[in-house]
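User: Hi! Could you walk me through this structure? I'm new to it.
Analyst: Happy to, so let's put it on screen.

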Amino acid sequence: MSRIVAGAAGGLPLKSVPGDSTRPTTDRVKEALFSRLESYDILGSARVLDLYAGAGSLGLEAASRGARSVLLVELAPKAVAVCQANAGIVNKALRNDVVSVRRGSVDSVLDSFAPVPGANGGKTWDVVFMDPPYPLTEEELAKTLEKVALVLEDGATIVVERSSRSAEPTWPVGLERFAEKKYGETRLWFAEPVKVGAE
């Protein structure tokens with residue numbers, strides 16, 4: 001059973017998505033990931049976007065550790081229901097509606113946040129988690145990363161979780177990898193926005 005590792009809701013058990021359609025991030029990987037993020041000092045008051053959320057464990061962990069707001073994005077109905085249940089558990093523990101859930105495809109949700117030409121900018125995020133299903137092709141992931149690059153705050157961090165056998169994601173213009181780490185069968189890639197044309 002998955003759980004919140006640390007923070008204000010630390011120790012709380014989380015519901016899991018039935019079946020084998022999702023791959024929950026192990027506690028070991030989660031602890032290592034969040035230890036690194038806390039060393040960057042970006043979680044406190046961050047706006048967090050958890051894409052392909054599954055049961056929502058990464059976004060929920062961020063909420064427990066001080067994120068200002070967290071949005072879990074899922075398409076599969078069973079996973080959405082689990083995300084909603086887990087969001088309720090964590091929000092109750094935090095005594096604040098920090099976590100919300102949105103059903104839809106990742107690309108359509110990202111499109112809804114993108115800035116519209118001639119209008120004020122769209123919604124932006126400080127931390128983005130991406131744990132896409134393995135069947136997602138590298139080309140599809142690259143196109144989604146292009147959309148992610150449009151909705152990031154300056155100084156944001158993107159974390160992509162993939163099989164350790166997967167190739168490094170193709171980073172679009174405006175995103176640059178700054179770290180990667182392998183944990184058994186899992187590899188984490190860390191990227192940040194960069195100004196195009198910057199030295």
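**A guided chat**

Analyst: Let's start with R65, which is buried at a relative accessible area of 15%; buried means under 20% relative accessible area, exposed over 50%, and partly exposed in between (1.4 Å probe, protein chains only).
User: Before we go on, what kind of model is this?
Analyst: This is a predicted model, where local features need pLDDT of at least 70 and side-chain atom pairs count only at pLDDT 80 or more, while totals for chains, interfaces and linings use all residues. Residues are numbered from 1 along each chain as its sequence is written, and side-chain values use heavy atoms, with hydrogens and water left out.
User: Thanks. Which residue forms a salt bridge with R65?
Analyst: E38 does, and the closest N and O atoms are 3.2 Å apart. A salt bridge here is a side-chain nitrogen of Lys or Arg within 4 Å of a carboxyl oxygen of Asp or Glu.
User: Where do the two sit?
Analyst: E38 is in helix 1 and R65 is in the loop between helix 2 (57–64) and strand 2, so the pair links distant parts of the chain, 27 residues apart. Helices (H or I, at least four residues) and strands (E, at least two) are DSSP runs, numbered from the N terminus.
User: Is E38 buried or partly exposed?
Analyst: E38 is partly exposed, with a relative accessible area of 40%.
User: How many salt bridges does the structure hold?
Analyst: Ten. One of them pairs D27 with R3, with the closest N and O atoms 3.1 Å apart. D27 lies in helix 1 and R3 in the segment before helix 1, so this pair ties together parts that are 24 residues apart in sequence. D27 is partly exposed at 23% relative accessible area, and R3 is partly exposed too, at 30%.
User: What about E168 and R177?
Analyst: Their side chains meet in a salt bridge, at 2.6 Å from N to O. E168 is partly exposed with a relative accessible area of 32%, and R177 is partly exposed at 37%. Elsewhere, salt bridges that share partners join E38, E61 and R65 into one network.
User: New topic: the sheet. In what order do the strands come?
Analyst: Seven strands form an open sheet in the order 3-2-1-4-5-7-6, with mixed pairing. Two strands pair if DSSP finds at least two bridges between them.
User: Which strands stand at the edges?
Analyst: Strand 3 (99–103) and strand 6 (175–183) do; each has a single partner strand, so one side of each is left without a neighbour in the sheet. The twist averages 15° from one strand to the next; axes are lines fitted to C-alpha atoms, for helices over the stretch in contact, and angles run from 0 to 180 degrees between N-to-C directions.
User: How many bridges join strand 6 to strand 7?
Analyst: Eight, and the two strands run antiparallel, with strand 7 covering residues 186–193. For instance, L175 has P193 in strand 7 as its bridge partner.
User: Which strands does helix 3 touch?
Analyst: Helix 3 (residues 77–94) packs on the sheet, touching strand 2 (69–74) and strand 3, and its direction makes about 170° with that of strand 3. Contact means heavy atoms within 4.5 Å.
User: Last one: is A9 buried or exposed?
Analyst: A9 is buried, with a relative accessible area of 2%. Leaving aside neighbours within four places in sequence, A9 is in contact with I4, S64, V90, A93 and L94.
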